[in-house]
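Thanks for coming. I have one structure to go through today, and I will keep to the chain, its core, its domains and a few charged pairs. Please have a look at it before I start.

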Amino acid sequence: MPFDLHQLAAFNAVVAAGSLGRAADAMHLTQSALSRIVRRLEGQVGAPLFERHSKGMQLTDIGLTLLPHSIALLRDAESAKEEIRAMLGLAKGTIRVGTVGSIACLILPTALTRTCNRWPTLQVQVVEGVWDRLASALLSREIDLALGAHTEDTDEIVSVPDCRWEDTSYVVASTDHPLRSRPALSLADTLEHKWAILPRGTDPFEHMNQLFNRHCLPMPDVTVETRSITVLKNLIAHSDFLGWMPEPMYHAELRAGLLDRLPIPGASDTRMLTAFRRTQGLLPLPAAKLLSELRQLATNPPRHAPHAQGPRP
């Protein structure tokens, strides 16, 4: 079923605004004109997309089904126009990339700097988060590349085999944390202290859980769970909280003398990092240019970067 992009844009506007009146104002249309556009789309679909109430518009089940496809189609159309105009020198292309905190601290800035130096008309949009956030953004076409911990390919998302690195996570604390004065420090000693880490269900949380399991210890009392890397690092650097994170993520704080890993034998975990893309469709040109630089960094990583992994068979 072919869709009219103008009708889909009107549909999305009504969903976002919650009413025909507010959506009409946003699209600079009269309410009656917008209503006619929505009715034409409903006629094409063959079913109502909204339940109309005095207080606004509510999506029907058919409308809920159409919404993610409508968003994806409009983003694809915008990306296509943007790429063509960028190639003609008429507009800037946009790199849309998502990343975990470890890669955001060195690998991605280095790759973006090189890409933008070579292609100065490009713009960049970056989403930072853990894998569930990145996977969702990749599938919804909010981003075109996701950089995160290696995981199995799916029918919808695949890894890029020649774009891999490794990093190692440690138990970290402020440089004046009281545990630093304890001789022969062990992982069991950390159970007496407060922890601040990424939320349960994320890869870092699960890796930390596996670490304590290997040492036959229960998980410590986690006082703070946050997805904010800034909050996490500041809690650890400026208080007695303990944390669990890869070295690239706290490299700046390490150089500033604010926090460092604790000298605990066996208290580390190495993971593989890689780039991911959608299985279907071509990679947009701006994202392909960034991926080319990321591949170079996988072969020749910058100083202090996670250890790179070459191509695998």
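Let me begin with one residue: is Arg-271 buried or exposed? Arg-271 has a relative accessibility of 10%, so it counts as buried. Bear in mind throughout that this is a predicted model.

The side chain of Arg-271 meets that of Asp-167 in a salt bridge, at 2.9 Å from N to O. Arg-271 sits in strand β11 and Asp-167 in strand β6, and the two are 104 residues apart, so the pair links distant parts of the chain. Asp-167 is buried as well, at 3% relative accessibility.

Now the overall picture. The protein chain has 313 residues, and 47% of them are buried. There are 11 helices and 12 strands. Along the principal axes, the C-alpha atoms fill a box of roughly 75 × 45 × 35 Å. Of the contacts with a separation of 6 or more, 73% come from residues 24 or more positions apart.

The chain is divided into three parts: domain 1 covers 5-75, domain 2 covers 87-165 plus 272-299, and domain 3 covers 167-269.

Next, the core. Nonpolar side chains in soluble globular proteins tend to be buried together. Here the largest nonpolar core has 33 residues, and Ile-103, Leu-145, Trp-165, Leu-290, Leu-291 and Leu-294 have the most contacts inside it. Elements giving two or more residues to this core include β3, α6, β5 and β11. Helix α11 gives the most, with six residues.

Take Ile-103 from that list. Beyond its neighbours within four places in sequence, Ile-103 is in contact with Leu-108, Pro-109, Leu-147, Gly-148, Trp-165 and Leu-273.

Thr-99 shares some of this ground. Thr-99 lies in strand β3 and is buried, at 0% relative accessibility. Outside its neighbours within four places in sequence, its contacts include Leu-108 and Leu-147, along with Val-126, Val-127 and Leu-134. A polar atom of the Thr-99 side chain lies 3.4 Å from the backbone nitrogen of Ala-104.

Over to strand β11, where Arg-277 is placed. Why does Arg-277 count as partly exposed? Because its relative accessibility is 23%, and the partly exposed class runs between 20% and 50%. Not counting residues up to four places away in sequence, Arg-277 touches Leu-138, Asp-144, Leu-145, Glu-156 and Ile-157, among others. A polar atom of its side chain is 2.8 Å from the backbone oxygen of Gly-281. From Arg-277 to Leu-147 the C-alpha distance is 9.1 Å, with their positions 130 residues apart in sequence.

Now the charged pairs. A search of the whole structure finds 13 salt bridges. One of them joins Arg-118 and Glu-293, with the closest N and O atoms 3.1 Å apart. That pair also links distant parts of the chain, Arg-118 being in helix α6 and Glu-293 in helix α11, 175 residues apart. Its two ends fall in separate classes: Arg-118 is exposed, with a relative accessible area of 59%, whereas Glu-293 is buried, with 4%.

Another salt bridge joins Asp-144 and Arg-278, the closest N and O atoms being 2.8 Å apart. Asp-144 is in the loop between α7 and β5 and Arg-278 is in strand β11, so this pair ties together parts that are 134 residues apart in sequence. Asp-144 is buried, at 4% relative accessible area, and Arg-278 is buried too, at 11%.

Last, the boundary between domain 2 and domain 3. How far apart are the centres of the two domains? Taken over C-alpha atoms, the centres of domain 2 and domain 3 are 28 Å apart. Contact involves 10 residues of domain 2 and nine of domain 3. About 750 Å² is buried between the two, and carbon and sulfur atoms give 60% of that. Ser-102, Cys-105 and Val-130 supply 53% of the area that domain 2 buries against domain 3, more than any other three residues.

Between domain 2 and domain 3 the count is one salt bridge, and two residue pairs are in polar contact. On the domain 2 side, α5 and α7 each supply at least two of the residues that touch domain 3.

That is what I had; I can take comments now.

Conventions: Residues numbered from 1 in each chain as written. Predicted model: local features only at pLDDT ≥ 70, side-chain atom pairs only at ≥ 80, totals over all residues. Heavy atoms only, no water. Core = buried A, V, L, I, M, F, W, Y, C linked by side-chain atoms within 4.5 Å. Buried < 20%, exposed > 50% of the residue type's maximum accessible area, 1.4 Å probe, protein only. Helix = DSSP H or I, 4+ residues; strand = E, 2+ residues; numbered from the N terminus. Contact = heavy atoms within 4.5 Å. Polar contact = N/O pair within 3.5 Å; in protein donor to acceptor, adjacent residues only side chain to side chain. Domains from an automatic or database assignment. Buried area = accessible area lost by both parts, 1.4 Å probe. Salt bridge = Lys/Arg side-chain N within 4 Å of Asp/Glu carboxyl O.
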